Every structure is written in structure tokens, then in C-alpha cells.
Amino acid sequence: MAMLSNLDLIRRVRLFSMLTPEQAQSIADSVSKRRFKRGEVVVEQGTHSNSLYILLNGRARVLTADRRGREVIMAVLEAGDHVGEMSLIDGEAASATVRCEQPTDMLVLGRAEFARCLPDPNSLAYGILRALVARLRNADRQIESLALLDVYGRVARTLLDMAEDEDGLKIIRGRVSRQDMAKVVGASREMVSRVMKDLEERGQIETLQDGSVVLKQIDTDQSEEAEE
């Protein structure tokens, strides 16, 4: 059997199905092929990805983990799927780890080559791309919280996400709705109120007269310990 060229491989990938022949050839000239071993990490959570990876065969898991090493599987990738694009679009660190379940061949497209495929950075299309990536990152964090954190941890993470830095303080301006927070963290309003009261009694948060909340020494691990 003849070895397939990069162009042949590109034409088989769903991501590139709408490219013109010229665009497909340009991508084919820019990609390289790489084989990953079983258990090898392709993208590591918390690091910056410099490439787009497209699976040609094999299988990989998208995992997220907390500081205790507990993991949750976000997705299973197979031939035609791709990873690494989020960091290439918004410049932020990877929100999950990608680890191969079996020997896997991938096409690798570098950052500079990927950037040439994107819309102009000042265009509406690029702005929408960044907004969609931000939404996806928020969804990943929500899934991770529901899977790995108890109610205390989820409330703490939500407060941290809502807070803004002001003169060295983390503060949430305006009254924090217990009902809305309950819907975000997947708990009852009563449970959220109980957690908020406990955090106040422990001095981790302070509620001001106008309803704003100042965050002091709060993190998800400390909150989990308090409930046990």
C-alpha cells in the first residue's frame, strides 16, 4: 500500500473539509506527522500549547484534575478530532490534559502556521472565536467543579470567579444572590446560604453593608476541609 501524502491525510480530516485546494496544499506543506506512545501526554493542563494536534488514528482522553490528583474525563478523542486550538486562539494555558490511550498518529500544525488560517485579529469573526473559546473554558471549569468539588468547593470557586481585584482586595460588588449561586453550583438555596454563613464565621469572606462581598483567605481546598 502506498504511503499517503500529507495532502491526502488533510483531505480526510473533517476540520479541513471546506478548504480550497490551494488552502489544503498550504496546510499540507506546513504539517508534520508524529506518533505518540500509549500513556504519552500530548497537551498538559496549565501549560501553553504551541501546536494544533489532529488525530489520524488511535484514541486519547481529555482529562482535568484537581490539586489532589483526582481526575475526570472530559472527552474521548478519536480519528479526525483535534486539540490545542483553544490556547492558540486566546493565548491562555490549556484547561485540560490530553493523554493517549494507545499508540496514536497525529498531524501537528505549529502556532505560526495555525495563525495564518485565522481571521484578522481586528475582525468580528476573530472576536467571536475568542468569545466562544472563553465560553468553552467556563463550561470546562463548571464540569470540573461539579465532578471534583463538594458544595463548599463549588461555592468558593464561584466566588473567586466573580471577584475583581481592587487595591489588593478581591471583592464582589453588589449583592450576591443565593438563589442564582445555587443554580450555578447545583445545590439548594438553603445549602448555599449555610456555606456562605460558615465562610463568614470563619473569616474567609466579609459581607459589607451594601451587600458586596470581600474575599479574604478562601480557596476550594480549605472549603472542602471545613465540611468534613
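Where is Ala93 found? In this predicted model, Ala93 sits in the loop that runs between helix H3 (85–90) and strand E7 (97–100). Its relative accessibility is 22%, so Ala93 counts as partly exposed; the buried class is reserved for values under 20%. Beyond residues up to four places away in sequence, Ala93 touches Gly46, Thr47, His48, Ser87 and Arg137. Arg135 lies 42 residues from Ala93 along the chain. The C-alpha atoms of Ala93 and Arg135 are separated by 15 Å.

The protein as a whole contains 9 helices and 12 strands. Its C-alpha atoms fill a box of roughly 70 × 40 × 30 Å along the principal axes. The radius of gyration is 22 Å, whereas a compact globule of 228 residues would have a value near 17 Å. Buried residues account for 40% of the 228 residues. Among contacts with a separation of 6 or more, 68% link residues 24 or more positions apart.

The accessible surface amounts to about 13,100 Å². Carbon and sulfur atoms contribute 49% of that surface. Charged side chains comprise 32 positive and 37 negative groups. The centres of these two sets lie 4 Å apart.

Two domain annotations come from an unreviewed UniProt entry. The feature "domain: Cyclic nucleotide-binding" is listed at residues 15–118. Over residues 15–118, the chain is 20% helix and 38% strand. The end C-alpha atoms of that segment are 13 Å apart. UniProt places the feature "domain: HTH crp-type" at residues 149–219. Here the chain is 46% helix and 18% strand. The end C-alpha atoms of residues 149–219 are 11 Å apart.

A further residue examined was Glu164, which lies in strand E9 (residues 164–166). Leaving aside neighbours within four places in sequence, Glu164 is in contact with Leu169, Lys170 and Ile171. Val214 is 50 residues from Glu164 in sequence. In space, the two residues are 9.6 Å apart, C-alpha to C-alpha.

How values were computed. Residues numbered from 1 in each chain as written. Predicted model: local features only at pLDDT ≥ 70, side-chain atom pairs only at ≥ 80, totals over all residues. Heavy atoms only, no water. Helix = DSSP H or I, 4+ residues; strand = E, 2+ residues; numbered from the N terminus. Rg over C-alpha atoms; globule rule 2.2 N^0.38 Å. Buried < 20%, exposed > 50% of the residue type's maximum accessible area, 1.4 Å probe, protein only. Contact = heavy atoms within 4.5 Å. Areas by Shrake-Rupley, 256 points an atom, 1.4 Å probe, with all protein chains shown as cover. Lys, Arg positive; Asp, Glu negative; His and termini not counted. Charge placed at Lys NZ, Arg CZ, Asp CG, Glu CD. UniProt positions renumbered as here; feature names shortened; annotations may be inferred.
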